[in-house]
Amino acid sequence: MDLSMKWLNDYVKADMPIKDFVAGMTMSGSKVETYRSLSEPLKNIVVGKVLSIEKHQDSEKLWICQLDAGRDKPVQIVTAAQNLYVGAVVPVVLDGGVCIDRHNNTVAKIKKGKLRGVESEGMMCSFDELGMDNSDFPYASPDGILILNDDPDFDKFTVGEDICKAVGIDDICVEFEITNNRPDCLSVIGLAREAHAAFQLPLNLKPPKFKGIDCDINRELSVAVENTQLCSRYMAAKVKNIKIEPSPRWMAERLRACGVRAINNLVDITNFVMLEYGHPMHAFDARYVEGNKIVVRNAKEGEILKLLDENTPELKLTPDMLVICNEKEPMALAGIMGGRNSGIREDTEEVIFEAACFDGVNVRRTAKKAGVRTESSSRFEKRLDPENAKNALYRALELIEELGCGEVVNTVIDVYPSPAEPFSLKLDADWVNRFLGAEIPEKEQFDILRRLDFAVNEETKEVSPPAVRIDIERPCDLAEEVARIYGYNNIKTTVPRLSSHSAQTPMELFQRKLLGIMLSQGCCETMTFSFISPRGYEKCRIEENDRESVKIINPLGEDTGVMRTTLIPSMMELTARNINARNLSGRFFEIGRVYLPVGDVNVLPVEKDQLICTVYGEGEDFFSVKGIAEEITEKCGIKARFTALRSNKTFHTGRCAEITDEEGKVLGVCGEIHPIVAENYGIEKFRIYMLILKLDEMLESAAEDTKYTALPKFPASVRDISVICDSEVSNGDITELVSQKAKHLESLRLFDIYTGEQVPDGKKSLSYKLTFRKSDATMTDEELDKIMSKVIDALAEKNITLRS
């Protein structure tokens with residue numbers, strides 16, 4: 001929002017230095033992006049009057065002019081301009097002055113010099129060289145020097161006066177960054193209220209009034225609103241005997257300072273009111289309101305509307321678009337832009353003014369679909385106050401009478417089926433102080449809210465925000481208003497009170513423990529997106545029934561179309577990326593979340609936490625990832641079992657194990673990724689090993705407390721055993737069998753696997769170290785022999801024999 005300081009001063013006399021104003025507004029919550037003087041870079045340019053003109057003796061095109069520039073003696077200037085005459089009042093750049101070179105888009109510095117031997121002490125300007133255009137001086141010729149004699153304010157010009165002050169560009173434009181919840185500040189009056197509150201300056205704001213001519217508008221026009229959900233209020237007024245002329249200088253100056261080009265008095269009034277009150281308006285040529293009837297309705301399929309912007313192709317309307325229609329056809333796209341078939345023309349005699357309030361969501365969707373975004377739509381999108389429509393309409397009618405643009409009918413049409421109900425909030429000064437960590441007296445809090453135009457009842461402690469403040473909904477909003485006007489810099493720094501609610505959940509503590517374990521295993525933590533490409537399931541050979549995912553309605557792209565149900569595709573992408581970047585070995589892990597759909601798109605998916613780890617490179621094998629899994633389960637107090645898994649297509653057959661607890665609950669899986677999966681990600685020369693753990697199941701199976709075990713009093717006895725079994729028999733099967741039959745077994749460790757000479761085909765040799773210990777005595781050889789005999793017999797029953 002660009003704010004003219006001249007315009008602001010019509011309501012609040014903010015005549016302090018501009019730096020103080022900018023700092024004060026920013027500290028009060030109205031952030032200033034930048035500010036600039038409209039007169040920059042112009043310098044040493046004054047109003048001058050041509051006293052005499054004579055031909056240059058050595059040039060057919062040059063003239064020697066004597067000008068009164070308010071100095072002790074006339075200023076001589078040599079010029080090639082052909083539109084000058086004695087008595088012409090013109091802008092004069094004196095020696096050392098600065099103007100604008102529009103042709104080269106640079107700044108031109110003027111110095112004394114000679115042209116064809118004749119001294120020239122300056123230069124006369126066109127409006128281009130003042131940084132202005134023909135809309136600022138509609139009476140002026142676009143060619144030659146700017147002659148001010150036909151200006152409506154000609155009598156106010158003084159010879160020698162600074163040209164910037166004379167033509168109204170002695171203004172400062174302040175650019176504000178307005179947040180979406182403060183549409184009231186997209187207006188001069190809204191920012192004037194903020195300045196009034198921030199600097200405690202008087203606010204000069206009067207309700208707009210107009211007299212009008214005696215006439216009943218209801219006899220000449222009717223308004224019907226068919227969709228009151230999308231149009232909460234619609235007001236219409238009529239103006240007769242329209243006179244379309246250039247706008248007065250004061251209006252054109254204010255519009256120009258806010259970045260709007262002056263067009264004519266009628267169009268400028270609607271733009272002026274939109275900037276002043278923040279409420280867009282529109283004007284229809286009454287001739288094209290067929291049947292003298294305005295209907296606000298949804299468009300019909302197949303209807304066509306040509307918008308005022310000639311660069312916009314004709315728009316094919318759809319039923320979800322709200323349009324303003326006459327008896328036969330659409331005339332405007334509600335809240336966005338009018339149509340060409342009802343626009344104001346030079347021969348317009350009667351005008352219908354519209355001030356309405358449209359649904360912001362519908363306006364945004366319609367503008368996006370139509371490919372048109374305007375100042376009007378950008379305001380409606382932020383949800384405007386219906387009550388402000390009346391102020392905007394009455395202000396426009398007031399300006400019509402003030403500028404003599406036409407005769408206003410003294411009655412208006414107001415379709416407002418459900419007026420907004422005023423509401424109030426209770427101000428608890430003690431709560432506000434606790435919330436802010438401040439000590440602001442209650443009386444000062446009430447005074448601040450009064451300055452912000454809140455209605456205050458100190459007895460009941462109830463405050464009612466102004467209707468335009470749609471952002472005030474809860475007590476914390478009142479606290480924010482008090483804080484920003486009181487001054488954040490005036491609130492002392494305090495240490496925040498910590499709440500008991502900040503305690504970590506059991507899952508968070510468990511994940512923190514896992515993080516430490518993984519880092520101790522030399523793994524690097526990673527983080528990937530929760531949304532993946534559906535193709536990732538196919539590349540990882542995930543089972544069909546596990547591919548059902550939550551689909552994203554508006555994904556960032558095809559590669560982020562669904563919420564993942566497994567972490568494997570994300571980790572494979574990460575591994576492939578590292579290998580392609582010549583990172584030839586690595587250990588990576590992620591504690592991430594998967595999203596499991598429940599079948600109903602209206603119900604949120606079930607979210608589960610998982611841990612995934614991948615290892616690859618020289619020295620890494622299946623036992624690397626299995627060792628990490630064993631470390632995790634041991635540190636978490638889980639007695640895990642590893643069972644060969646052959647049905648998982650993602651992993652290599654025979655090189656994959658399912659991890660379960662004592663009760664058979666599946667905790668996860670570990671193994672070597674199938675070569676086809678690796679090849680799908682462009683990985684050919686590396687074997688990838690992966691571990692996946694379900695954290696909810698892990699947490700349930702984990703021991704809550706670590707129990708102290710005293711150091712053993714008696715020595716351990718160790719026996720080694722080597723057995724031959726079929727290749728299909730897993731280490732887990734043998735371990736489980738031995739653990740069941742071996743009494744006083746403290747530990748069992750596989751230390752060798754052998755296939756080759758001395759071992760028959762289809763067989764393999766496994767060597768184990770068994771450690772025994774009794775808690776109450778030293779074990780004898782006889783006791784050990786009996787235990788080992790039972791173990792060997794149990795193995796023999798499973799066709800597992802001792803290796804001789």
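Helix H6 gives the most to the lining of the second largest pocket, with five residues. The structure is a predicted model. H6 spans residues 265-277, and strand S14 (282-285), strand S19 (330-333), strand S20 (337-338), strand S21 (351-358) and helix H8 (375-380) are the other elements that each supply at least two residues of this lining. The volume of the second largest pocket is about 980 Å³. In total 35 residues line the second largest pocket, and Val267, Thr270, Asn271, His282 and Leu308 are the closest to its centre. By class, this lining holds 19 nonpolar, ten polar and six charged residues.

The largest pocket contains about 2000 Å³ of space. Its lining is made of 49 residues, and those nearest the centre are Lys626, Glu630, Phe642, Asn731 and Thr735. Two or more lining residues come from each of helix H16 (622-635), strand S33 (641-644), strand S34 (651-660), helix H19 (731-741), strand S38 (745-754) and strand S39 (763-772). Of these elements, S38 gives the most to the lining of the largest pocket, with ten residues. Sorted by class, the residues around the largest pocket are 18 nonpolar, 13 polar and 18 charged.

As for enclosed space, the structure holds one cavity of 30 Å³ or more. The largest cavity has about 50 Å³ of space. Residues that line the largest cavity are Arg182, Asp184, Gly190, Arg193, Glu194, Leu452, Pro466, Val468 and Arg469. Five residues of this lining are charged, three are nonpolar and one is polar.

The table sets out the volumes and lining classes.

| Space | Volume | Lining by class |
|---|---|---|
| Largest pocket | about 2000 Å³ | 18 nonpolar, 13 polar, 18 charged residues |
| Second largest pocket | about 980 Å³ | 19 nonpolar, ten polar, six charged residues |
| Largest cavity | about 50 Å³ | three nonpolar, one polar, five charged residues |

On the surface, Leu596, Val598, Val603 and Val606 make a nonpolar patch of about 280 Å². One of these residues, Val606, lies in strand S32, which covers residues 606-616. Val606 counts as partly exposed because its relative accessibility is 37%, and partly exposed residues fall between the 20% limit for buried and the 50% limit for exposed.

Note on methods. Residues are numbered from 1 along each chain as its sequence is written. This is a predicted model: local features need pLDDT of at least 70, side-chain atom pairs count only at pLDDT 80 or more; totals for chains, interfaces and linings use all residues. Side-chain values use heavy atoms; hydrogens and water are left out. On a 1 Å grid over the protein atoms alone, a cavity is a set of points where a 1.4 Å probe fits but cannot get out, and a pocket is an open set with protein on both sides within 12 Å along at least five of seven lines; lining residues have an atom within 4 Å of a point. Grid points are joined across faces, edges and corners, and a volume is the space filled by probe spheres set on the points. Helices (H or I, at least four residues) and strands (E, at least two) are DSSP runs, numbered from the N terminus. Ala, Val, Leu, Ile, Met, Phe, Trp, Tyr, Cys and Pro count as nonpolar, Asp, Glu, Lys and Arg as charged, and the others, Gly among them, as polar. Patches are made of residues with over 30% relative accessible area and no salt bridge: like charges are joined within 9 Å, nonpolar side chains (Val, Leu, Ile, Met, Phe, Trp, Tyr) within 5 Å. Accessible areas come from the Shrake-Rupley method with a 1.4 Å probe; for residues, only the protein chains shown count as cover. A salt bridge is a side-chain nitrogen of Lys or Arg within 4 Å of a carboxyl oxygen of Asp or Glu. Buried means under 20% relative accessible area, exposed over 50%, partly exposed in between (1.4 Å probe, protein chains only).
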